[in-house]
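Let's take a walk through this structure together, one region at a time. Keep the sequence and the 3D view side by side as you read.

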Amino acid sequence: MTAIRVENVYKVFGRRPQEAVRKLRAGATRDEVKSLGTAAVIDTSFEVADGEIFVVMGLSGSGKSTLIRMLNGLWRPTSGRVLLGDDDLATVSASRLRALRRTTVSMVFQHFALLPHRTVLDNAAYPLEIQGVGKEERRERARAALELTGLGGWEDSLPGQLSGGMRQRVGLARALTADTDILLMDEAFSALDPLIRREMQEQLVEIQQKLGKTIVFITHDLNEAMYLGDRIAVMRSGRIVQIGTAEEILTAPADDYVAQFVADVDRTRVLTASSVMLRPGVVLPAAAGPRRAARAMREAQAAAAFVVDRDRVLLGFVRDSDVVDAARAGIPRLDGLVQTDVATVDEDTPLSEIFAPSAESLVPVAVTDDHGRLLGVVPRVTLLEAMVPPEIDLPDDTPADGPVETVVGAGATTVNGNGVPDGYEPLPPDDGVPGLAPDELPAARTAASAAEVAAAAEFDATTEGGTR
Ligand SMILES: Nc1ncnc2c1ncn2[C@@H]1O[C@H](COP(=O)(O)OP(=O)(O)O)[C@@H](O)[C@H]1O
Ligand SMILES: [Mg+2]
């Protein structure tokens, strides 16, 4: 189910917003409509699914806050529709909007503005108090929310007695107390120091898993976006330039802007085995004879081969020398030669957790599914390569698409450090188009103008800089 649907939304601040939208639709740039107003959000469309954490990421000034404020009706779009269920926030009545804020959507800001003379419990209960919920019930619900955010035991303290991180937890609890289906969080953790911030991120994921909330989370921090987001929308100069999973954005950035944005992310935490795994060089059925195995390995120039049963469940691997010896000795089946000490990981295992098993393993780490079936392999060299963004590691004269052939053809060696040959085939890319279909992508994909970068930097310094 779709929780939020945003359709071709524009928001222009200024004197002649409608005229600005008309010109933008006709292809004018943000700069060209400047005299008419500030185009904060331009032709933006996306959907957020029920129970999804949808992250909006972009530099300061790119339009994130304006966008999220249209999701709870704080701003009305200049043009376009914002749908929460069947309600179009561009046209709902004021009373319906109030009702939606009570039951459907609540907002968590960077600064929570807790009421200083009220206890933590009464701060958390505040939204229900405004709604006229009785004291017992609202305190009960606030207590449960505080428990969820790790503040059990602090109910009677005053905000001034809490650390910054704890105050932020009260703010989160306050939003949870309202128990709306959708939580909007605008740079909610950006003022926290890194360790506390990480804790909050982990806790948010935990809470989301427990309560199944739909969360729209805004950040200008890429690692935070990648950690939290089921999907991430990258905004630039008012437009969404890419929507996709963290892996999609890392492995197939839509343009140079996105590529630069993701260049310094810790890739080993975001990329998982499935995004780098290759087709295994040689896979043999357990029932195969050593002669056939030896032939297959010779043809593939492989020093070892994985062995699977009839259901493709991984049994282990065999080494070339053992296979050849067995063939000479007339042994009919491979079964007895199989070595079972293969490191296996799931498709979803982050690369950061594959380094250790890879270092200790003679053969590439095997990627298996829930039934133990062999899906692919991660040779150590692939693991090392995956850490470096492709656009940075390739010297100008290196062909972008031929690394495997180049290595083998260079004749230096056909066997990598694991004693297993290179020449593993990359798995074909899956058919799914990352993010938007091409005809949905915004047209403008040129590099940011120097003026835009300067403006964003200035905006950052004046409005956000003091709070980070
Ligand atoms: N109330 C407003 N009036 C005029 N301009 C605004 C207003 N709010 C935001 N803007 C402008 O819209 C652009 C996007 O701002 P904002 O949505 O706050 O970006 P972000 O949250 O990504 O930093 C900026 O150029 C900003 O100056
Ligand atoms: Mg903002």
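Before we count any bridges, a word on terms: two strands are said to pair if DSSP finds at least two bridges between them. Also keep in mind that this is a predicted model.

With that in hand, look at strand 16 (residues 365-368) and strand 17, which run antiparallel and are joined by 4 bridges. If you want one spot to check the register, Val367 stands opposite Gly376 in strand 17. The hairpin made by strand 16 and strand 17 has 5 residues between the strands, and in it Gly372 takes a positive phi near 80°. Strand 17 (residues 374-378) is mostly covered, with 5 of its 5 residues buried.

Strand 16 has another partner to look at. Strand 15 (residues 344-345) is joined to strand 16 by 2 bridges, and here the two run parallel. To get from strand 15 to strand 16 the chain passes through helix 15 (residues 355-360), and this β-α-β crossover is right-handed. Thr344 has Ala366 of strand 16 as its bridge partner. A general reminder fits here: strands of a sheet pair through backbone hydrogen bonds, either parallel or antiparallel.

Now jump back to the start of the chain. Here you'll find an open sheet of 4 strands in the order 2-1-4-5, with antiparallel pairing. Its edges are strand 2 and strand 5 (87-88), each of which pairs on one side only. Strand 1 (residues 2-13) and strand 2 share 8 bridges in the antiparallel sense, and Thr2 stands opposite Ala49 in strand 2.

Strand 2 also brings us to the ligand. Which residues are around ligand 1? They are Phe13, Thr38, Ala40, Gly58, Ser60, Gly61, Ser62, Gly63, Lys64, Ser65 and Thr66. Strand 2 (38-49) and helix 2 (64-71) each supply at least two residues of this shell, and helix 2 gives the most, with 3 residues. By character, the shell around ligand 1 divides into 2 nonpolar, 8 polar and 1 charged.

While you're in this part of the chain, have a look at Gln18, which sits in helix 1 (residues 17-25). Gln18 and Thr78 are 60 residues apart in sequence, but their C-alpha atoms are 6.8 Å apart in space. Is Gln18 buried or partly exposed? Gln18 has 13 other C-beta atoms within 10 Å, so it counts as partly exposed.

Next, find helix 6 (residues 164-178). Its 15 residues reach 22 Å from the first C-alpha to the last, close to the 21 Å expected at 1.5 Å a residue. Helix 6 is largely enclosed by the rest of the structure, because 12 of its 15 residues are buried. Among those buried residues are Arg167, Arg169 and Arg174, along with Val170, Leu172 and Leu176. What do the buried residues of helix 6 pack against? The list is strand 6 (105-108), helix 4 (120-130), helix 5 (135-148), strand 7 and helix 7. Right after helix 6 comes Asp179, with a positive phi near 55°.

That phi of Asp179 is a good lead-in to two more backbone spots. Most residues other than glycine have a negative phi. Glu187 goes the other way, with a positive phi near 50°. Glu187 belongs to the loop between strand 7 (182-186) and helix 7 (194-211). Despite its place in a loop, Glu187 is buried, since 23 other C-beta atoms lie within 10 Å.

Gln301 also has a positive phi near 50°. You'll find Gln301 in the loop between helix 13 (290-300) and strand 13 (304-308). With 15 C-beta neighbours inside 10 Å, Gln301 counts as partly exposed, whereas Glu187 is buried.

Key. Residues numbered from 1 in each chain as written. Chains lettered and ligands numbered in written order. Predicted model: local features only at pLDDT ≥ 70, side-chain atom pairs only at ≥ 80, totals over all residues. Buried ≥ 20, exposed ≤ 12 C-beta atoms within 10 Å, placed from the backbone. Near = placed C-beta within 6 Å. Nonpolar A, V, L, I, M, F, W, Y, C, P; charged D, E, K, R; others polar. Expected span 1.5 Å × (residues − 1). Contact = placed C-beta atoms within 7 Å. Right-handed = clockwise from strand over helix to strand, strands pointing away.
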